[in-house]
Amino acid sequence: MEHNGFSFSILCGTLFSLLELHASLGDITYSIPEEMKRGSVIGNIATDLGLGADSLSAREARLDVDGRSRLYCEINANSGDLVVAETIDREELCGPRVACALKYELVLENPLELHRIIVQIQDINDNSPRFPSEHLQLEISESAVKGQRFPLNEAHDADVGINAVQSYTLERNDHFVLAVNTNKDGGKYGELVLEKELDREQQQEVTLLLSAVDGGTPRRSGTAIIHVTVLDANDNIPVFSQTAYKVSLPENSPLDTVVVTVSATDADEGQNGEVIYDFSGISDKAARLFSIERETGKIKVIGPIDFEVEAYYEMRVQAQDGAGLVSNTKVIFEITDINDNAPAIFLKSMKIPILENVLPGTEVGIINVMDKDSEGNRQVHCSIQQNVPFKLNPSIQNYYSLVTTSELDREIISDYNITITATDEGSPPLSSSKTIHLSVSDVNDNPPVFEEQSYSAYVTENNKPGSSMCSVTARDPDWRQNGTVVYSLLPSEVNGVPMSSFLSINGDTGVIHAVRAFDYEQFRSFKVHVVARDNGSPPLSSNVTVSVFITDENDNSPQILYPAPAGNSLMTEMVPKAALAGSLVSKVIAVDADSGQNAWLSYQIVKSTDPGLFTIGLHSGEIRAQRDITESDSLKQNLVISVKDNGQPSLSTTCDVYLLVSDNLAEVPELKDISHEESSKLTSYLIIALVSVSTFFLTFIILILAVKFCRRTKPRMLFDGAVAIPSAYFPPNYADVDGTGTLRSSYNYDAYLTTGSRTSDFKFVVGVMARFRVKSESVFANS
């Protein structure tokens, strides 16, 4: 390719770079000359579209070519200029066609827009005319008459329009002048016109210089030397059967395929009538694809025919007879498309990853599908597999939006492999597939969930502080910090004491520890609420109730309620001499602060004055006569009772029970002298009391009123500081629980003794509240 007249080409490039902006259908058309240098500015797309230069970069502007592998132009995203990416050769790109254009699709995202950009490539005069051969051989009979014409080979110029061959010139000579004619397709060709008859005997050969000149500025030319051999008469030129041959050729035709056979006949006989064929005008690209057999005129395929590369070829074929006369015809090949290209799928934009809480219908990607074939072969349908929550929505031309069809849940499916299949409408149809990997990012949409609806923890009283009681576990299916669970105790109180004084929890593991030792006798159970909270934003939480049960430990000995010791005083119960075997004599009442088997009490006599006289119920504590009481039995009976619980190990306590076998206290001689002394002391006490009453009369009245209001009845005394036997008494924090064996029946024991009269009333209850009263004298127990 020649580059004469370079400065003029630069001037043309400057003139042609003026924009032609067309508003029809939103298309923008630019016109530029070929051979512009790389980096030359074609135009500013941002300005022409009414956009800011920065918006092209923000909207990810890009150019897509339609059916070509080479881009030629590109966008400067910073300035918005459309610039030349590589030098454009119009002749290589479009061949003999006058109209030559590059078509692009400008894609803008957010929102998706599509603009069609057309760049018209204008021809510059960068090619000189060329003859098929630098030496033309003509054989002209000497019998040729004046004015006879001899067609010459047409010169070929790769340029088009005014830059193509416009005229021919012939160097001055004695025999020929040149006539320039125009054929049907507008091409110029020359004919030698015999101006002076030839004389073979005078001159056997004539040499001529033929020049072909184009119409460009500056003009370019090409030359050929014509060798004219003077022969005897040959007055007929070859004649083609058609003035032009137009053939449809399927792409991908095999090599050596005969596309067309051109045929020309010559009316002469012998050698003058023999015709040979050759290309008289053919482009370099076509010359690499087609050949012609000189003898037969068969044009064959010698290279790959690809519709997507070039769909139109045009060439000229000459027929030359044996005497050198030629004629020309045009051969046009129209390449027909076959469905040999599967659709191509391009991922133009993809939002990865996508949040799992996006709404249905959210656009997550843009897909472009292209097929290099033509017409029906390039009609493409896109589909997607049915088992994913996505679909393809047709957008602009061959663009599709990939949108969600339902809500996503990362905890169920965190990744999708989406297979997109594109199928054309060719016969047979071709298809291609592309798999897109789409990941779903986590949103904190799941609160922690405990493995159980409630938890129970059992801890033995007197436990070691800091020991673990139980653990709670909550699962959060979210990811990373959204799924990290931290445990804490919900603030509360137990009997007015903060929960933190009793329990603590490991925030990471959920293990609950006892802060202090528990006492079953203080409280037996309580509830605490554990909170599981994740680290999401905002954090989500859930609660669970942990019921803490304190199990009893045998840490309390039985406590005897009756007979109850009171200082150094002793309690004595009277047993009638007529008591029969099995008679209820007394009852030992005891309780145990523990529970369950630790509070199951058993009674036994460990020591007695008469071992065979009395027995005690193993679980009731009732003291009964084992046999009938006789006169020989000792009046005073001392029993040592052991009360033992059923714990492991068991704890026990003992008490003394004093029994007096008598129907009357006067029968006991040891009590008479003591009673007399008490009477003397009583007189002194009465005198002191009278004085006291006179002095503190008012105080005494107030005391009586207080006693009246309180209605508190004090038991009468037995001897000095005598012990009162309550009818039903339980110490604080003790209770009789059915089935424990501690208190099985209800008994009342009331003793009334007065030191002055030496007589008293004694109530003795047997069985189910059966009472009988005996009178006896006051007795001091001095054992």
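Biologist: In strand 14, which residue is the bridge partner of Gln137?

Modeller: In this predicted model, strand 8, which covers residues 135-141, pairs with strand 14 in the parallel sense over seven bridges. Gln137 takes part in this pairing with a partner in strand 14, and that bridge partner is His227.

Biologist: Which residue stands opposite His227 where strand 13 joins strand 14?

Modeller: Strand 13, made up of residues 205-214, runs antiparallel to strand 14, and nine bridges join the two. The pair also forms a hairpin, with six residues between the strands. Within this pairing, the residue that stands opposite His227 is Thr207.

Biologist: Along strand 14, which side chains point to the buried face?

Modeller: The side chains of strand 14, residues 221-231, alternate between two faces. On one of them, Ser221, Thr223, Ile225, His227, Thr229 and Leu231 are not buried, where buried means under 20% relative accessible area. The other face is buried, and the side chains that point to it are those of Gly222, Ala224, Ile226, Val228 and Val230.

Biologist: Is the peptide bond from Ile352 to Pro353 cis or trans, and what is its omega?

Modeller: Pro353 is placed in the loop between strand 24, residues 344-350, and strand 25, residues 354-355. The bond that leads into Pro353 from Ile352 is cis, with omega near -10°.

Biologist: Where does Pro428 lie, and what is the omega of the peptide bond that joins Ser427 and Pro428?

Modeller: Pro428 belongs to the loop between strand 30, which spans 415-424, and strand 31, which spans 431-441. The bond joining Ser427 to Pro428 is a cis peptide bond, and its omega is about -5°.

Biologist: Is Glu60 buried, partly exposed or exposed?

Modeller: Glu60 lies in the loop between helix 3, residues 53-58, and strand 3, residues 62-65, and although Glu60 is not a glycine, its phi is positive, at about 55°. Its relative accessibility is 40%, and the class between buried, under 20%, and exposed, over 50%, is the partly exposed one. Because the value for Glu60 falls between those limits, the residue counts as partly exposed.

Biologist: What is the relative accessible area of Asn462?

Modeller: Asn462 is found in the loop between strand 33, residues 454-460, and strand 34, residues 468-471. Its phi is near 65°, which is a positive value in a residue other than glycine. Asn462 is partly exposed, and its relative accessible area is 42%.

Notes
Residues are numbered from 1 along each chain as its sequence is written. This is a predicted model: local features need pLDDT of at least 70, side-chain atom pairs count only at pLDDT 80 or more; totals for chains, interfaces and linings use all residues. Side-chain values use heavy atoms; hydrogens and water are left out. Helices (H or I, at least four residues) and strands (E, at least two) are DSSP runs, numbered from the N terminus. Buried means under 20% relative accessible area, exposed over 50%, partly exposed in between (1.4 Å probe, protein chains only). Two strands pair if DSSP finds at least two bridges between them.
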